[in-house]
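Dear colleague,

Please find the structure below, handed over for your own inspection. My notes on it follow, beginning with a loop residue.

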Amino acid sequence: MWYLAKMIRGLSIDEAVAQLEFNDKKGAKIMKEVLLEAQEMAVKHHNVEFKSNLYVAESCSGKGRYLKRIRYHGRGMYGIMDKVYCHYFVKLVEGAPPRAEEKTSLDAAKDYVQNLRNRTIIHSL
Amino acid sequence: MNLSGFIHSLRCSLLHIECRLLQAAGLDRHLAPALAVSGHSLLPQLRPQEEQEEQPPGLMDSIMWMAAPKKRRTIEVNRTRRRAVEKLIKIKTNIEPCLECGHLKQKHVLCGFCYAKVRRETTLIRQQIQVMEGGPLKAPAVETIVLYEGETPSQQDKDKRIVEKPSKRPAWFS
């Protein structure tokens, strides 16, 4: 579930729904329903004008309360099996998704040279 | 809880049985004295006992040569391994909208919605064919043609089996 949450961080809602639709994990179906419900809520109650103008600002998953069960092994041995539950949180923000600014190679070279120039011995004269 | 108590007592009894078996075999060493007497007389006694007892392999020998982790892996190390870039889910770039219905589909795969629509129609046709045939393994050796209401068989269809459906021809069925 964390991997899915990480995948859709920063995507626009249409892209996120498309990616989740064609993912084979069980959590993808649940997350898609959550996203669509959030979109609907945004349009109905939170005064959002265009339902496609949203992007996923935050998306995270947390551990829920597990149920413990017994898993029977051979020779009278046993293991404790966890029935796993998790929470999923998502925050949609109106607007276009923010794009990470790409650094040009010239800028990267300049930064490198500047870092070399900034080297000094601390507490010296 | 009753269940955990019962399991615990079961475990204890099993460990007890194992302890007793080890003691009987003479391989149990935790009660041996710290200063051991190096006696040649002891060794020949132990050897035949070891050969007599059919110990399941891997009880005492496996401590010597099985690989085992030396230290617990910290959560930071675990996280860097689990969240490495190659282990994250990759974003698919082959999703596009279907031209017929507008739902999303993958480029090399049929549209799910259109496929479901066609499947529904074909199940109805198949049910009708089943009624016509009336049993398994009775399919004729000729082609089949589906005619909806208001359609007559054409010149090419005279040798074929005709399945009549009383509803309107769907638009996508050419």
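At 87% relative accessibility, B:Leu137 counts as exposed, where exposed means over 50% relative accessible area, buried under 20% and partly exposed in between (1.4 Å probe, protein chains only). B:Leu137 sits in the loop between helix H5 (112–133) and strand E3 (144–147) of chain B, helices (H or I, at least four residues) and strands (E, at least two) being DSSP runs numbered from the N terminus. Although B:Leu137 is not a glycine, its phi is positive, at about 60 degrees.

Please bear in mind that this is a predicted model, in which local features need pLDDT of at least 70 and side-chain atom pairs count only at pLDDT 80 or more, while totals for chains, interfaces and linings use all residues. Residues are numbered from 1 along each chain as its sequence is written, chains are lettered from A and ligands numbered from 1 in the order in which they are written, and side-chain values use heavy atoms, with hydrogens and water left out.

Chain A also has a residue other than glycine with a positive phi, namely A:Arg75, whose value is near 55 degrees. A:Arg75 lies in the loop between strand E2 (67–72) and strand E3 (78–83) of chain A, and with a relative accessible area of 76% A:Arg75 is exposed. As background, most residues other than glycine have a negative phi.

Turning to the interior, the largest nonpolar core (a set of buried Ala, Val, Leu, Ile, Met, Phe, Trp, Tyr and Cys residues joined through side-chain atoms within 4.5 Å) has 18 residues, of which A:Ile8, A:Leu20 and A:Leu35 touch the most other members. At least two residues of this core come from each of helix H1 (2–8), helix H2 (13–21), helix H3 (26–45), strand E1 (54–63) and strand E4 (86–94) of chain A. Apart from this core lies another, of five residues, including B:Ile125, B:Ile129, B:Val146 and B:Val163.

B:Val163 also belongs to strand E4 (residues 161–164) of chain B, along which the side chains alternate: B:Arg161 and B:Val163 point to one face and are buried, whereas B:Ile162 and B:Glu164 point to the other and are not. Strands E3(B) and E4(B) run parallel and are joined by four bridges, pairing being assigned if DSSP finds at least two bridges between two strands. B:Leu147 has B:Glu164 as its bridge partner in E4(B).

With kind regards
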